[in-house]
Amino acid sequence: MRPFFFLLAIVQFSLPGTSWAQFNFAPGTYQLANGTKGTASLKLVLAEGGRPTVVVGSKNSRERTFRPADLPAFTIDTHRFIRVNDFRFLSGTDAEFPGATWLETLETGQVELFYYYYQVEMRTNFKAHVTLPVLRKAGSPILFAYAPGRTPGFDQKLAPGGFVAALFPADLVLQRRLATNSISRAQLAAVVHAYNQGVRLTP
């Protein structure tokens, strides 16, 4: 994982190949808490300055702001998000607003992979924009974070590699590599996809 700079003042702790369309207005779909569905230009705005993470929608020259309680699911461009209640890994500026948050869905199958996005105010006019991978077994509400290496604003003790490794019982080699944080964040999505397709590592 290599940090790089955006707008001179933001350090990006992201994953190679990550698209950032979800943080700019792009065509989207949404489902409200009351079941209403619709389309609009949407963007994800991360918590900062005492303001919570929200989704902003624009349609017919009018804007509307949604908080997680309002919006169980939405898409922005090709990015699919779901709401997760009582998320225990809230970090950075998000930690001021306990409760639900949104996760981007990366992989589904036996093991599900999501990205959690947040910001950390490192010092005056200097922010880190962080992507934290979280995983769970299909059908389970229990999420585990995977954080090999430096993750600003996140308590590394909340992400022991052994917890994530236990999600992959059919591949002992992969389990060992995850337990020792030998799988990089950049490799994780491909590894989860391959596992869900029945691919197993050999010693």
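## Around Val-164, three strands and two hollows

Setting aside neighbours within four places along the sequence, Val-164 touches Leu-135, Phe-144, Ala-145, Tyr-146 and Leu-178. Keep in mind that this is a predicted model. Below, we start with Val-164, then move on to some paired strands, and end with the empty spaces.

**Val-164 and its surroundings**

- You'll find Val-164 in helix H1, which covers residues 161–165.
- Is Val-164 buried or exposed? Its relative accessible area is 1%, and the cut-off for buried is under 20%, so Val-164 counts as buried.
- Among the residues in contact with Val-164 are Leu-135 and Leu-178, and neither belongs to its neighbours within four places in sequence.
- Now look at Gln-175: 11 residues separate Gln-175 from Val-164 in sequence, and their C-alpha atoms are 8.2 Å apart in space.

**Strands S7, S8 and S9**

- Strand S7 (residues 73–76) and strand S8 (residues 79–84) run antiparallel, and four bridges join them.
- To spot one of the pairings, find Thr-75, whose bridge partner in S8 is Arg-80.
- How many residues sit between the strands in the hairpin of S7 and S8? There are two, and in this hairpin Asp-77 has a positive phi near 55°.
- S8 also pairs with strand S9 (residues 101–107), again over four bridges and in the antiparallel sense.
- Across that pairing, Arg-83 is opposite Trp-102 of S9.

**The cavity**

- A quick bit of background: rolling a probe the size of a water molecule over the atoms reveals where empty space remains.
- The count here is one cavity of 30 Å³ or more.
- The largest cavity holds about 30 Å³ of space.
- Which residues line the largest cavity? They are Leu-44, Leu-46, Thr-53, Asp-94, Thr-101, Trp-102 and Tyr-117.
- Sorted by class, that lining has four nonpolar residues, two polar ones and one charged one.
- Trp-102 may ring a bell: this cavity-lining residue is the one in S9 that stands opposite Arg-83.

**The second largest pocket**

- The second largest pocket has a volume of about 160 Å³.
- Its lining is made up of Pro-52, Thr-53, Arg-67, Pro-68, Ala-69, Leu-90, Asp-94, Phe-97, Pro-98, Gly-99, Ala-100 and Thr-101.
- By class, this pocket's lining splits into seven nonpolar, three polar and two charged residues.
- Thr-53, Asp-94 and Thr-101 line both the largest cavity and the second largest pocket.

Note on methods: Residues numbered from 1 in each chain as written. Predicted model: local features only at pLDDT ≥ 70, side-chain atom pairs only at ≥ 80, totals over all residues. Heavy atoms only, no water. 1 Å grid on protein atoms, 1.4 Å probe; cavity = no way out; pocket = protein on both sides within 12 Å on 5 of 7 lines; lining within 4 Å. Points joined across faces, edges and corners; volume = space filled by probe spheres on them. Nonpolar A, V, L, I, M, F, W, Y, C, P; charged D, E, K, R; others polar. Pairing = 2+ DSSP bridges. Buried < 20%, exposed > 50% of the residue type's maximum accessible area, 1.4 Å probe, protein only. Contact = heavy atoms within 4.5 Å.
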